[in-house]
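Trainee: I should like to learn how to read the features of a structural model. Could we proceed one feature at a time?

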Amino acid sequence: MDERKEKIAINSIGVIRTNASEAQVRDEQREVEATVELFPEFEEALEGLNGYSHIFVISYLHKLRPEQIGPLRVKPKRATKRGFKLAELPTLGVFALDSPTRPNPIGLTLVRLLKRDGSRLFVSGVDLFDGTPVIDIKAYQPDYEAREYAMPEWYVKIMNKSGHV
């Protein structure tokens, strides 16, 4: 088998539950609250999570349209909500963006962990829709912080005008 095209089977471990509308999630309200409901058989995997302030939620972006899965280059359309015209924006590789358009519909979201109740995690800062399948959770650790970093010129230009790409 060609290892470059190997099929990988990943099962969900839970689901996102939120009362936020899809419009609120799309509008990037960073304090959208949700519950990560893990399936009961995964509850013991949460042991030791109490005390962390943040976790990464890795998800399957189940609401993407077929044309959003696969393209390798897109414009950072989110910047149009902040005053840019689409024609002004560069076409970039999806790996340079936090775009839902990806070769594989996998999301990575850093959220604040508010509390745990059994197999439910109450979180804030979700950018996922109600019903989004969760495929993994990882605790945020200080090792993940980049103390020194650089951003490309196109990113800085958009950030200076809009505050977020």
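Mentor: Let us start with T132, which lies in the loop between β7 and β8 (133–139). Please bear in mind throughout that this is a predicted model.

Trainee: Is T132 buried or exposed?

Mentor: The general idea is to compare the relative accessible area with a cut-off, buried meaning under 20%. T132 has a relative accessible area of 3%, so this residue is buried.

Trainee: Which residues is T132 in contact with, leaving aside its neighbours within four places in sequence?

Mentor: With those neighbours set aside, T132 is in contact with G14, V15 and I16, and also with S59, Y60 and H62. There is a local partner too: a polar atom of the T132 side chain lies 2.7 Å from the backbone oxygen of F129.

Trainee: And P133, where is P133 found?

Mentor: P133 is found in strand β8. Leaving aside neighbours within four places in sequence, its contacts are S12, G14, S59, Y60 and H62. Separation along the chain and separation in space should be read side by side. P133 and L61 are 72 residues apart in sequence, yet their C-alpha atoms are 7.5 Å apart in space.

Trainee: G14 has now appeared in two contact lists. Which residue in β2 stands opposite G14?

Mentor: G14 stands opposite L38 in β2. For strand pairing, one reads the direction and the number of bridges. Strand β1 (residues 14–17) and strand β2 (residues 33–38) run antiparallel and are joined by 4 bridges.

Trainee: How many bridges are there between β2 and β7?

Mentor: β2 pairs with strand β7 (residues 120–124) over 5 bridges, again in the antiparallel sense. Within this pairing, A34 has V123 in β7 as its bridge partner. Strand β2 is thus paired with β1 and with β7.

Trainee: Let us turn to charged residues. How many salt bridges does a search of the whole structure find?

Mentor: The general idea is that side chains of opposite charge can pair when their charged atoms come close. A search of the whole structure finds 8 salt bridges. One of the pairs is R120 with D117, whose closest N and O atoms are 2.7 Å apart. R120 is partly exposed at a relative accessible area of 32%, and D117 is also partly exposed, at 41%.

Trainee: Which residue does the side chain of K138 meet in a salt bridge?

Mentor: The partner of K138 is D136, with an N to O distance of 3.8 Å. The cut-off for a salt bridge is 4 Å, so a distance should be read against that limit. K138 counts as partly exposed at 40% relative accessibility, and D136 counts as partly exposed at 30%.

Trainee: How should R147 and E145 be read?

Mentor: R147 forms a salt bridge with E145, and the closest N and O atoms are 3.3 Å apart. R147 counts as exposed because its relative accessibility is 64%, whereas E145, at 45%, is partly exposed. Salt bridges may also be linked in a network, as they are for R17, E37 and D130.

Trainee: Finally, which residues form a nonpolar patch on the surface?

Mentor: The patch is formed by Y149, M151 and V156, which together have about 320 Å² of accessible area. V156 is found in helix α2 (residues 153–162). With 35% relative accessibility, V156 counts as partly exposed.

Note on methods
Residues numbered from 1 in each chain as written. Predicted model: local features only at pLDDT ≥ 70, side-chain atom pairs only at ≥ 80, totals over all residues. Heavy atoms only, no water. Pairing = 2+ DSSP bridges. Patch = residues over 30% accessible without salt bridge, like charges linked within 9 Å, V, L, I, M, F, W, Y side chains within 5 Å. Areas by Shrake-Rupley, 256 points an atom, 1.4 Å probe, with all protein chains shown as cover. Buried < 20%, exposed > 50% of the residue type's maximum accessible area, 1.4 Å probe, protein only. Polar contact = N/O pair within 3.5 Å; in protein donor to acceptor, adjacent residues only side chain to side chain. Contact = heavy atoms within 4.5 Å.
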